[in-house]
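Reader: Hello! I am new to this structure and would love a close look at one part of it, with each term explained as we go. Where would you begin?

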Amino acid sequence: MRISVVIATAFRPAVLTRALASLRSQRDADWEAWVVDDGDGAGAERARALRDPRIHGIVNPGRGQVDARNAAIVRAEGDAICWLDDDDWLEDAGHLRAIADALAGGPALLHRGGWLVAVDDDGQETGRDAFDLPADADSLRRDNTLLNPGLAYPRALHRELGLLDRELDGYYDWDWYLRVTAAGVPLRQLAGLGVAYRVHPGNRSRRPSLDRERRFAALCAKHGLQTVMKHHVGVWLERSAPDGSA
């Protein structure tokens, strides 16, 4: 099984380098990667400079992060799609092999736990917490508990369900999970902590912008959700509280 890794990037060639290094360290896996640059082109150039025939660097033909991801998806040739943001990375060198093995058993929306890695303004790691929460179709209507870099699914789902919804911008991922599970595709969790999700300074207290609030309202209206805005750190803090539940 060949896996197409979708990477959107903008103005962060240094952190992209780590993501690509973690990808190239994968063992026993057949993969390709599409790095779509939504910035000044430095990320696409960094990808091409590796001279790895499995890694393709292009400039976003559209505008915004969702267009960048969709540009990668339409060019993908693999049997499965795997997401990896430019500032995240794969901790388990067998992660892509685990995806291939799991999807060999039938279509599913795969997710995997990992680490919330806190970094300072200089990009240095200051701590990490395990994020490994169970999820099902009902729980996803309350909270998005899936880590973006731990996601994978059959590419054929896009032929059935369409591309990512660009109108929802940063909520494209949660929207996709809800669309896939509503279509009856099973949700399956891979064992272990296999990915790293970078947490930037201020994530614990940052107030959402008006545009983000508008996009969240659109997500809720689209799926009939009755929930409130949270980011992954907020969900983790809530579930880790003494009276929280996972």
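Author: Let us begin with a word you will meet often: a residue is buried if its relative accessible area is under 20%, exposed if it is over 50%, and partly exposed in between, using a 1.4 Å probe and protein chains only. Asp143 is buried by that rule, because its relative accessible area is 5%. Please keep in mind that this is a predicted model, in which local features need pLDDT of at least 70 and side-chain atom pairs count only at pLDDT 80 or more, while totals for chains, interfaces and linings use all residues. Residues are numbered from 1 along each chain as its sequence is written, and side-chain values use heavy atoms, with hydrogens and water left out.

To place Asp143, we need names for the elements. Helices (H or I, at least four residues) and strands (E, at least two) are DSSP runs, numbered from the N terminus. Asp143 belongs to the loop between strand E7 (125-131) and E8. What does Asp143 contact, once its neighbours within four places in sequence are left aside? Taking contact as heavy atoms within 4.5 Å, its partners are Trp174, Thr227, Lys230, Val235, Glu238 and Arg239.

Strand E8 (residues 152-154) leads us on to the aromatic rings, since Tyr153 lies in this strand. Rings of Phe, Tyr and Trp (its six-membered ring) pair if their centres lie within 6.5 Å; planes under 30 degrees apart count as stacked, over 60 as edge-to-face and the rest as tilted. This rule gives six aromatic pairs. Take Tyr153 and Trp176: their ring centres are 5.3 Å apart and their planes stand at 50°, so this pair is tilted. Trp176 is in helix H6 (residues 172-182) and Tyr153 in E8, so the pair ties together parts that are 23 residues apart in sequence. Both Tyr153 and Trp176 are buried. They also belong to one aromatic cluster, made up of Trp83, Tyr153, Tyr172, Trp176 and Tyr177.

Rings can have charged company too. A charge sits over a ring if NZ of Lys or CZ of Arg is within 6 Å of the ring centre and within 35 degrees of the ring normal. Arg212 places its charged end over the ring of Tyr171, 4.6 Å from the centre. Over the face of Trp89 lies Arg18, at 3.6 Å from the ring centre.

Another buried residue worth a visit is His111, found in strand E6 (residues 109-119). Its relative accessible area is 3%, which means it is buried. Setting aside residues up to four places away in sequence, His111 touches Leu133, Ala135, Leu146, Gly150, Leu151, Leu187, Arg188, Gln189 and Leu190.

Now for the strands that pair with one another. Two strands pair if DSSP finds at least two bridges between them. Strand E1 (residues 2-9) and strand E2 (residues 30-37) run parallel and are joined by eight bridges, with Val6 opposite Trp34 of E2. E1 also pairs with strand E4 (residues 80-83), again in the parallel sense, over four bridges; there Ser4 has Ile81 as its bridge partner. Seven of the eight residues of E1 are buried, leaving this strand mostly covered. E2 has seven buried residues out of eight, so the rest of the structure largely encloses it. On to strand E3 (residues 55-59): E2 pairs with it in the parallel sense over five bridges, and Trp34 has His56 of E3 as its bridge partner.

How do the helices fit in? A crossover is right-handed if, with the strands pointing away from the viewer, the path from the first strand over the helix to the second runs clockwise. One right-handed β-α-β unit consists of E1, helix H1 (residues 13-24) and E2. Another is made by E2, helix H2 (residues 42-49) and E3.

The loops of these units offer a contrast to all that burial. Between H1 and E2 lies Asp28, with a positive phi of about 55° although it is not a glycine. Asp28 counts as exposed because its relative accessibility is 61%. Arg51 sits in the loop between H2 and E3, and this residue, also not a glycine, has a positive phi of about 50°. The relative accessible area of Arg51 is 77%, so Arg51 is exposed.
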